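Q: Hey, can you walk me through this one? I'm new to reading structures.
A: Sure, let's put it up and start with the ligand.

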Amino acid sequence: TEAWGPDDDEPRPHHGPVKVRVPAKINLHLGVGPLRPDGYHELNTVYHAISLFDELTARRGDTLTLTMEGEGTGELELDESNLIIRAARALAARGRVPAYARLHLRKSIPLAGGLAGGSADAAATLIACDMLWGLGMSRDDLAEVGAELGSDVPFLLHGGTALGTGHGEAVSPILARPTTWHWVVAIADGGLSTPAVYRELDRLRAASSPPEPLGGPDELMAAMRQRDPKVLGAALGNDLQPAALALRPQLADVLNAGQEAGAIAGLVSGSGPTCVFLAADANHAQRVAAGLTEAGVCRAAVTARGPQPGARVI
Ligand code: C5P
């Protein structure tokens with residue numbers, strides 16, 4: 001009964017523009033295992049996507065170009081070293097198409113902030129160029145391309161709340177009743193180098209009184225199921241926090257200021273220097289953000305909600 005004609009499921013090139021929104025990530029639990037021979041650390045982490053977004057627009061072009069506005073403009077290199085350019089080239093190679101696109105980034109996620117901004121932009125590029133070039137690749141195929149670009153790319157394609165293993169690239173979603181969590185994000189002046197923070201942790205662990213490692217994420221996952229911010233707050237943890245604090249002692253002032261401002265809990269996000277604080281609800285988050293701003297310990301304090309979906313066309 002079906003008429004002959006073009007198959008509607010067949011992916012076709014898009015005339016553009018394709019606009020993709022991608023969230024930042026925080027780690028509710030970041031357990032760091034030993035350094036592996038390949039230079040990465042074995043992780044067990046609980047990823048959580050929050051409502052701080054970058055936006056990538058892809059238009060048709062006869063070469064590959066990248067422009068940007070917002071956070072980090074003038075600091076972030078827009079050449080072949082940029083993760084967006086590398087993501088576009090890797091996808092084009094995989095899809096056997098020329099890497100032609102005009103890409104524009106509107107950035108809100110701070111550079112080198114411990115919020116996976118670079119991986120987020122790579123994830124957005126994969127989604128945008130897949131559609132622009134009509135490749136029709138699955139999210140799993142895109143995640144495979146993305147894992148080579150940054151450990152957090154597969155998670156940022158999926159979003160939500162998820163368990164990460166391997167060096168972070170192996171992601172499995174955590175199925176839970178939908179609960180919205182309220183966060184305050186304290187953005188620092190300047191960034192921290194992720195490899196430097198991991199190296200500092202290795203150094204602390206080789207010293208006489210190493211920081212106690214977190215262990216597995218079971219307690220955190222059980223805490224999430226109780227849907228009580230106080231319970232979740234008590235279960236948050238980050239093995240990289242002592243290393244980030246060692247490299248940036250002022251972060252202790254940020255964590256203290258968040259506590260003074262009434263946050264339920266606070267921790268360094270990923271490798272830092274961003275700190276995140278858990279609040280009971282949206283109004284409480286506003287008050288904590290105001291307290292942090294008042295204390296003058298960070299460049300900006302913004303509220304955010306999680307979980308959020310991963311990179312997707314808007
Ligand atoms: O994968 P990504 O590029 O985000 O990682 C940046 C750096 O962080 C790695 O080159 C490595 O030095 C460090 N890292 C690590 N163990 C991980 C993830 C990242 O040591 N699991």
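Q: How do the residues of the shell around the ligand divide into nonpolar, polar and charged?
A: There are four nonpolar, eight polar and one charged. Here Ala, Val, Leu, Ile, Met, Phe, Trp, Tyr, Cys and Pro count as nonpolar, Asp, Glu, Lys and Arg as charged, and the others, Gly among them, as polar. Keep in mind that this is a predicted model, where local features need pLDDT of at least 70, side-chain atom pairs count only at pLDDT 80 or more, and totals for chains, interfaces and linings use all residues. Residues are numbered from 1 along each chain as its sequence is written.

Q: OK, and which residues are the closest to the ligand?
A: Tyr40, His41, Ser151, His167 and Pro195, out of 13 that surround the ligand. A residue is near a molecule if its C-beta atom, placed from the backbone, lies within 6 Å of it.

Q: Which elements give two or more residues to that shell?
A: Those are β2 (41-59) and α5 (194-206). The largest share, three residues, comes from α5. Helices (H or I, at least four residues) and strands (E, at least two) are DSSP runs, numbered from the N terminus.

Q: Why does the ligand lie between domain 1 and domain 2?
A: Because domain 1 (18-174) and domain 2 (181-306) both give residues to the shell around it. The domain bounds come from an automatic or database domain assignment.

Q: How far apart are the C-alpha centres of the two domains?
A: The centres of domain 1 and domain 2 lie 23 Å apart. The contact takes 25 residues from domain 1 and 33 residues from domain 2. Two residues are in contact if their C-beta atoms, placed from the backbone, lie within 7 Å.

Q: What is the domain 1 side made of, by class?
A: The side that touches domain 2 has 16 nonpolar, nine polar and no charged residues.

Q: New topic: at what angle do α1 and α2 pack?
A: Helix α1 (residues 83-95) and helix α2 (residues 117-132) pack at about 40 degrees, with their axes 8 Å apart. Axes are lines fitted to C-alpha atoms, for helices over the stretch in contact, and angles run from 0 to 180 degrees between N-to-C directions.

Q: Which residues of α1 meet α2?
A: Leu83, Ile84, Ala87, Ala88 and Leu91 in α1, and their partners in α2 include Gly118, Ala122 and Leu126. The residues of this contact divide into eight nonpolar, two polar and two charged.

Q: Last one: what pLDDT does the protein chain average?
A: The average is 96, and 97% of the residues score at least 70. pLDDT is the predictor's confidence in each residue, from 0 to 100.
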